[in-house]
Structure formats: C-alpha cells, structure tokens
Amino acid sequence: MNRQETKEAPFGMRDRLGYMFGDFGNDFTFLLSSMFLMKFYTDVMGVSAAVVGAMMMIARVVDAFSDVTMGQICDRCRPGKKGKFAPWIRRMCGPVALASFLMYAVWFKDMPMGFKIFWMFFTYLLWGSICYTGINIPYGSMASAITADPKERTSLSSFRTIGATLANTVIGVVLPLIVYYEDAQGNTVFSGSRMMTAALLCSVGAIICYLLCYHMTTERVKMEKTAEKFSFKELIRTTISNRALIGIVAAALLLLLAQLTLSGMGNYIYPNYFGNREAMSTANMGVTVITLALSTVIVNISGKYGRKELAGVGAAVGAIALIAAFILHTKNVWVFVALYLISSLGTAIFNLVCWAMITDVIDDAEVRTGKRSDGTIYAVYSFARKLGQAASSGLTGGLLTMVGYSAATAFEPQVVDGIYNITCLVPAAGFILLALALKFLYPLDKKQVEKNAKILREKRGE
C-alpha cells in the first residue's frame, strides 16, 4: 500500500484521549453484552444457557465473513479529509448503539419461547456481526494511521485499554448495584426492566464517546486506496503463512476465553454462590485500579522487557491465582476477590499491550511482503477476539446447563458449587494456553520488533 506522510499537528495527548474514548464507546456495548446478556436471557427471558451460548458461537461464523469484508472495505475506501478510518466511526455510532439497546427488550419476556429465541438471534447478529463490526474494524485499524512510531503506538494501546477500563468501571462496578435486588426470600436476583434502562444509558454514552474519538484523533500516516483484486483464497494463504498473525490470533482467542469467562461468571458466582452483589462491584473496581496503575508504567516496562515477554509473565500469574482459588474452594468472598484481583494482572497486562502488538504484526507483514493491509489484518485479529468471546459464552453456557443451572435451580448447593468450579478452572486453562501460545507461536519478541521498526524507518526515509 502506498503511504505518504503529511504535515499535521504533532502526535500528543489529544490523540491519546481521543483514541481512549473510542474503546470507551466500544465497551459500552461490548462489555454490556459479555457481562449481562446471558444473565438477561437465562434469568429474565427464560432461555437455556446452552441455547444462548450456542447462539453466540453461531454468530461468529457470520463474523468470519463480515469482519473480513469490513477490513476489505476499509483498505479499499478512498481517504477523505479525516482519513480512511475515522469517517466510519461517525457513520456507525448510531446504528451500533441502537442495536445494542434492542438486545435487552424486556417487553418481550411473556412472548412464546420461539419468538424470544428469534429476537435474541436477530438483535445479536445485527449488533455484533454488522454494526459493531462496522465500527470496530475501522477503529482498530486507525491506530497505525495515527502514528508510525512504535512507542507512540504502545501509548495508544495503553490509552485504549484505559478507555475499556473506564467502561468496565461503569458497567462492572455501577450496574451490579442497579440491576440486582433482593427478593422476598433474601436471594439476589436480576431485574430485566432495570437492565433495559441501563442498556439505554450505555447506548447514549457510546455515541458520545465515539463522537469524541472522531473529533479528537488525527490520521497522520495517510494510506491510499488498495486497488488489488480481493482473493479469499489468497487471504487464507497469507494468514496461514504469517506466523506472527497466527500467534496473536491464538493469544487473543485464549485471552478472551479467560477474561470473558471470569467477567461473565461474575454474574453467577457473586449473587448465587456468595450472595453478595457488592463484592462483584468491589472486584470490578479493583480491576480498574490495577489497570490504571499499570497503564502509568506499561510503556516504560514493555520498552525495557518487550511486549511479548511481559504478556507471557502476566498470563502465568493469572493461571496460578485461579488454580489457588480452585484448590481453596473458599466460602469467604473477600479471599476469592483477592485471588481474582491477582489473576486480573494477567488480563490487564495483555490488554495494555495487545493493540500495540497487532500493529507490530502489521509492520512485520509489511517488512516481509512489501504490502501493508491494516484493515484486513486487523479484521482477522478482530475475528479471533470474537471467537474468544464466542468460545467463552458457548463453553460457559454449556457448562452451566451441565451443572443444572436454570432460574429455578439457581441457588441449589450442587449448582452453585458447579458455578464456582467453572469460574476458576475455565479461565485458568485459558491463561495457561495463552502463556504457551506467546512462548511458542508468537515470534515478535523485543529484538524483532525493534529490527522491523528500523527497517521501516529507513524505507520511509525517516
């Protein structure tokens, strides 16, 4: 892809904050779905957890095509005054917010089960496979257009994770205190009407954040329209031959498996096993504090030790903490919260550097092939993340059904013990596999990243 540098305002805090607001907007709908959609459909709409999980996995088959299609659209669209990627954020912010709200249509809870399952499939595909894809692929691809400097990209990755962390504070800390209440028997139960109101407020917040991202960021590395004819066979061949892309795809899938299982099961382990919604909010606030604290030092630490190396250590720490929680099988919610927060170091570290890692993969592909396809490579990576989300939801839904979970059995001793085991073991397995994938599949260590950056600087005459 031909590239030309233009003289724009220098990269700075405005770009970092603008890019941060982009993921804040993303996670107003993404985290809402990851944390509460299964709980909404199992406890309010009465749909089996296995059906909800299967729906999320089926949707990812659609994403195999929609993500790559959107990546191709980004690569082939003609740059405008705001660049190639930013205009899509303005175009799609309204549709993605509306589609997210429609997923929590509590007014359909008394409809026949067939209709409720149809509505669940229809709105989830509309939101995730069409609208969210239409905004997330351009947003992620935009990072490499904002700056070509590896260190500045790490700061963008860090600020992107800060945006996600702020969204997690709203959704993971505030919402549990709103959408749960105690019934006459003293059980902590989920309110469908409160969830719908919360979804509306999150949709409004998403639009505001997306517009801030659009107006505050600048695409300095101008990328021209790709004219080459698209070949799906060539895409598959290129993907298979790109070890760095395979490695980051595997890492993203496994990270999401661990992270989203932990966050999703929070809606079952805290109210059902521990009977404590406040602990859920406290745990999520702790994750926010840890992530924000790490964000202040992650650029310097990753610059010294390498992004791959740092992420591998974090994954090992996450696995050890969750295995300890499983062995203890504690009834003390605060012991569990402490171990949960230690495990969150693994997700926090990876999330703070992963967006810079994907730009490393894009750079590596350019060095090896002479071609740059930001949108297409990011689309493959985004699809992998969605596979991780689907694997988490599908596996969680299936295991919840296996241990006998339903709205009627939600507080039975055997069921809640099963909930505890799922919460510990599935994410621990994800962390272990993540560490192995980074060690043996992903080749871009600190030395190789610096070598690629030097080659590209010389190529551009910098």
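Is Cys-424 buried or exposed? At 0% relative accessibility, Cys-424 counts as buried. The model is a predicted one. It holds four cavities of 30 Å³ or more and zero disulfides. The points below cover the cavities, helix H3, the cysteines, a loop residue and some pairs of residues.

**The largest cavity**

- The largest cavity has a volume of about 520 Å³.
- Its lining is made up of 32 residues. Nearest the centre lie Asp-27, Leu-31, Ala-164, Gln-259 and Asn-351.
- Seven helices each give two or more residues to this lining: H1 (13-44), H4 (113-141), H6 (150-179), H9 (243-274), H10 (277-295), H13 (333-369) and H14 (374-402).
- H13 gives the most, with seven residues.
- By class, the lining of the largest cavity has 14 nonpolar, 13 polar and five charged residues.

**The second largest cavity**

- The second largest cavity holds about 140 Å³ of space.
- It is lined by 16 residues, and those closest to its centre are Ser-34, Met-38, Leu-260, Gly-264 and Ser-393.
- H1, H9 and H14 each supply at least two residues of this lining. These three helices are also listed among those lining the largest cavity.
- H1 has the largest share here, at seven residues.
- Eight nonpolar, seven polar and one charged residues make up the lining of the second largest cavity.

**Helix H3**

- Helix H3 covers residues 86-102, which makes 17 residues.
- From first C-alpha to last, H3 reaches 25 Å, close to the 24 Å expected at 1.5 Å a residue.
- Where does H3 bend? The bend is at Met-92 and comes to about 45°.
- A proline, Pro-95, follows Met-92 within four residues.
- Met-92 is one of the buried residues of H3. The others are Ala-86, Pro-87, Trp-88, Ile-89, Cys-93, Val-96, Ala-97, Ala-99, Ser-100 and Phe-101.
- An α-helix has 3.6 residues a turn, so residues three or four places apart point the same way.
- The buried set of H3 includes Ile-89, Met-92, Cys-93 and Val-96.

**Cysteines**

- The structure holds zero disulfides. Cys-209 is in none, and the nearest cysteine sulfur, that of Cys-213, is 9.4 Å away.
- A disulfide needs the two sulfur atoms within 2.5 Å, so a pair at 9.4 Å does not count.
- Cys-209 counts as buried because its relative accessibility is 5%, under the 20% cut-off.
- Cys-424 counts as buried too, at 0%.

**A positive phi at His-329**

- His-329 has a phi near 45°, a positive value in a residue other than glycine.
- Most residues other than glycine have a negative phi.
- His-329 sits in the loop between helix H12 (307-328) and H13.
- With a relative accessible area of 26%, His-329 is partly exposed.

**Pairs of residues: sequence and space**

- Thr-401 lies in helix H14 and is partly exposed, with a relative accessible area of 34%. Thr-401 and Ala-50 are 351 residues apart along the chain, yet their C-alpha atoms are separated by 6.0 Å.
- Gly-312 lies in helix H12 and counts as buried at 18% relative accessibility. Gly-312 and Ala-435 are 123 residues apart in sequence, but 4.9 Å apart in space, C-alpha to C-alpha.
- Arg-194 lies in helix H7, residues 192-216. At 38% relative accessibility, Arg-194 counts as partly exposed. Its C-alpha atom is separated by 36 Å from that of Ile-327, 133 residues apart along the chain.
- Ile-301 is found in helix H11, residues 298-305. Ile-301 is partly exposed, with a relative accessible area of 29%. The C-alpha atoms of Ile-301 and Ile-290 are separated by 15 Å, and the two residues are eleven apart along the chain.

Note on methods:
Residues are numbered from 1 along each chain as its sequence is written. This is a predicted model: local features need pLDDT of at least 70, side-chain atom pairs count only at pLDDT 80 or more; totals for chains, interfaces and linings use all residues. Side-chain values use heavy atoms; hydrogens and water are left out. The expected span of a helix is 1.5 Å times one less than its number of residues. The bend at a residue is the angle between axes fitted to the seven residues ending there and the seven starting there. Buried means under 20% relative accessible area, exposed over 50%, partly exposed in between (1.4 Å probe, protein chains only). On a 1 Å grid over the protein atoms alone, a cavity is a set of points where a 1.4 Å probe fits but cannot get out, and a pocket is an open set with protein on both sides within 12 Å along at least five of seven lines; lining residues have an atom within 4 Å of a point. Grid points are joined across faces, edges and corners, and a volume is the space filled by probe spheres set on the points. Ala, Val, Leu, Ile, Met, Phe, Trp, Tyr, Cys and Pro count as nonpolar, Asp, Glu, Lys and Arg as charged, and the others, Gly among them, as polar.
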